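User: I'd like to learn how to read a model like this one feature by feature. Can we take the cysteines early on and then work outwards?

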Amino acid sequence: MAEPEVTEPEVMEPEVAEPVMTGPAAAEPEVLRPAVTGPGSLSVETWVERLGGPDGPERYRRYTLGTLAAFAAAEVALWAFWIKTSDAGTLGSALVAAVGAAHVGAHLLLSRAALRRYLGAGPRPVGLVALYVVATVAMAVVGCALLAAGRIGGRDLVTYLVWLMMFYAGPPMLALPTRTGVVLVGAVPAVALGAAVASGLSGELLAFAVGGTLFMVPFMATGMRVTGWSVRLIEELARARATQARLAVAEERLRFGRDLHDVLGRNLAVVALKSELAVQLARRGREEAVAQMEEVQHIAQESQREIRAVVRGYRTADLLTELAGARSVLEAAGIDCRIENGPAARLPAHTQAALGWVVREGTTNILRHAQGASRCEVSARATVSGWVALVMENDGAGTAPRPGTSTGTGTGSGLPGLRERLAEVDGTLTTEPRPGGIFRLTARIPWETAE
């Protein structure tokens with residue numbers, strides 16, 4: 001049987017970006033180049049991208065750590081405000097400042113270590129928990145001692161204790177098991193309020209201190225626990241998405257193998273039987289051998305049509321599947337591949353198919369031509385100007401192509417073929433060599449078309 005012809009996409013050498021559109025929409029997507037809102041200014045999106053990194057679990061974790069750091073900074077500001085507005089005197093203010101600085105440092109260290117522990121990325125920070133509890137108790141003792149010595153008034157101690165317990169409540173809930181954390185978070189405020197009563201706090205002011213503590217401590221403890229849970233949930237969802245992509249690739253391979261077996265298995269068996277019968281008839285000089293060989297020819301032609309249909313179905317690109325396949329192939333070739341699929345799962349089938357071909361062609365380009373590439377980054381995002389943009393970057397633009405490769409430009413293959421496919425969905429394709437040996441391939445499709 002004649003083997004069906006399956007044209008492999010040919011790849012062009014990195015080429016200078018050609019203007020494929022005119023007007024404002026032809027500009028590079030906002031996700032690729034900082035949007036300038038004024039002389040020397042950058043857009044909010046650009047700063048978010050620079051500070052947080054690419055979209056995904058890692059950015060969310062960085063933002064969470066940034067929030068914990070901001071919370072510690074807020075504690076510094078509140079203690080500075082308390083020192084300025086209270087009548088603790090020079091010695092009292094110095095004591096509060098010294099113990100407060102130790103408490104803030106322990107707070108920041110424990111928050112980061114507790115989050116890592118909650119996410120399963122580090123040991124349980126028992127030593128930091130003990131240090132944090134000691135710093136909190138010491139600070140409460142300083143406040144109560146100032147009240148007992150008449151250095152501050154009852155109102156000052158109320159705000160002092162409520163703020164202290166508010167900041168204290170969060171980190172132990174992440175660092176310790178739930179029951180242990182609840183006991184420890186509840187025990188320290190109870191001891192602090194008992195010391196306040198012993199130092200002379202009573203009446204309405206004591207009621208305010210108890211009420212504020214009863215409200216703020218559970219609130220902050222729950223908030224910190226929910227923060228850690230949300231980070232862990234985001235990372236679990238990212239792992240589940242990666243697993244789903246791998247399963248999609250495996251399922252497609254199984255489908256292709258099954259279809260090949262179903263299409264070729266029966267036909268090849270019939271061809272073998274008909275050929276054997278024709279040989280026997282030919283040896284006997286029977287004219288029926290010609291009819292048998294004609295049937296063999298017909299079956300072979302039908303098999304060709306069926307195998308082409310199978311290949312066309314297999315080569316209908318799916319973006320998520322192609323992204324997973326690209327990562328697998330590139331990492332097998334020793335190229336670190338980082339993928340950000342953004343809105344890929346929400347795109348319609350025809351848009352995913354067009355962008356899937358871009359991923360496939362770009363991957364082939366890297367394997368054939370970027371011989372010295374060590375990394376590749378692929379991102380699919382919706383831009384603020386109304387486009388869905390897929391960008392592939394690798395650091396092998398300055399290397400020579402592998403021996404035996406070609407840069408065919410025939411219709412239906414290589415970059416011209418990609419432009420034709422994208423044109424069907426009103427999309428564009430540009431290529432751009434960048435400084436540092438970077439090669440960028442950018443495909444854009446209008447969001448209205450994508451929907």
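## Reading the model

Analyst: Sure, cysteines it is. In this predicted model, the sulfur of Cys337 has its closest cysteine sulfur in Cys376, 4.7 Å away, which is too far for a bond.

User: What cut-off decides that, and how many disulfides does the structure hold?

Analyst: A disulfide needs two cysteine sulfur atoms within 2.5 Å. By that test the structure holds 0 disulfides.

User: Are Cys337 and Cys144 buried or exposed?

Analyst: Buried means under 20% relative accessible area. Cys337 has 6% relative accessibility, so it counts as buried. Cys144 is buried too, at 5%. For the protein chain of 451 residues, buried residues make up 42%.

User: Okay, what about confidence? What is the mean pLDDT of the protein chain?

Analyst: The idea is that pLDDT gives the predictor's confidence residue by residue. Here the chain averages 76, with 79% of its residues at 70 or more. Over residues 1–42 the pLDDT stays under 50, and the model has 99 contacts beyond four places in sequence for them. Residues 400–413 are also below 50, with 33 contacts in the model beyond near neighbours in sequence.

User: Now the secondary structure. How many helices and strands are there?

Analyst: The protein chain has 13 helices and 5 strands.

User: How do I read a sheet, and in what order do the strands come?

Analyst: Strands of a sheet pair through backbone hydrogen bonds, either parallel or antiparallel. This one is an open sheet of 5 strands with mixed pairing, running β1-β2-β3-β5-β4. Its edge strands, β1 (336–340) and β4 (428–434), each pair on one side only. From one strand to the next, the twist averages 10°.

User: How does β4 run relative to β5, and how many bridges join them?

Analyst: They run antiparallel, with 7 bridges joining β4 to β5 (residues 438–446). If you want a spot to look at, Leu429 stands opposite Ala443 in β5.

User: Which helix packs on the sheet?

Analyst: That's α11 (residues 349–369), which touches β2 (375–382), β3 (387–394) and β5. The direction of α11 makes about 10° with that of β3.

User: For a helix on its own, what do I compare? Take α3: how far does it reach from its first C-alpha to its last?

Analyst: You set its end-to-end reach against the span expected at 1.5 Å a residue. Helix α3 (residues 89–118) has 30 residues and reaches 41 Å, close to the expected 44 Å. After α3 comes Gly120, with a positive phi near 80°.

User: Which residue has a positive phi although it is not a glycine?

Analyst: Asp426 does, with a phi of about 60°. Asp426 lies in the loop between α12 (414–423) and β4. At 51% relative accessibility, it counts as exposed.

User: One polar residue to finish: where is Gln304, and is it buried or exposed?

Analyst: Gln304 belongs to helix α9 (residues 288–314). With a relative accessible area of 18%, Gln304 is buried. Its C-alpha is 9.4 Å from that of Leu264, and the two residues are 40 apart along the chain.

User: And for the chain as a whole, what share of contacts join residues at least 24 apart?

Analyst: It's 75%, counted among contacts between residues at least 6 apart in sequence.

Methods. Residues numbered from 1 in each chain as written. Predicted model: local features only at pLDDT ≥ 70, side-chain atom pairs only at ≥ 80, totals over all residues. Heavy atoms only, no water. Helix = DSSP H or I, 4+ residues; strand = E, 2+ residues; numbered from the N terminus. Expected span 1.5 Å × (residues − 1). pLDDT = per-residue confidence, 0-100. Contact = heavy atoms within 4.5 Å. Pairing = 2+ DSSP bridges. Axes fitted to C-alpha atoms, helices over the stretch in contact; angles between N-to-C directions. Buried < 20%, exposed > 50% of the residue type's maximum accessible area, 1.4 Å probe, protein only.
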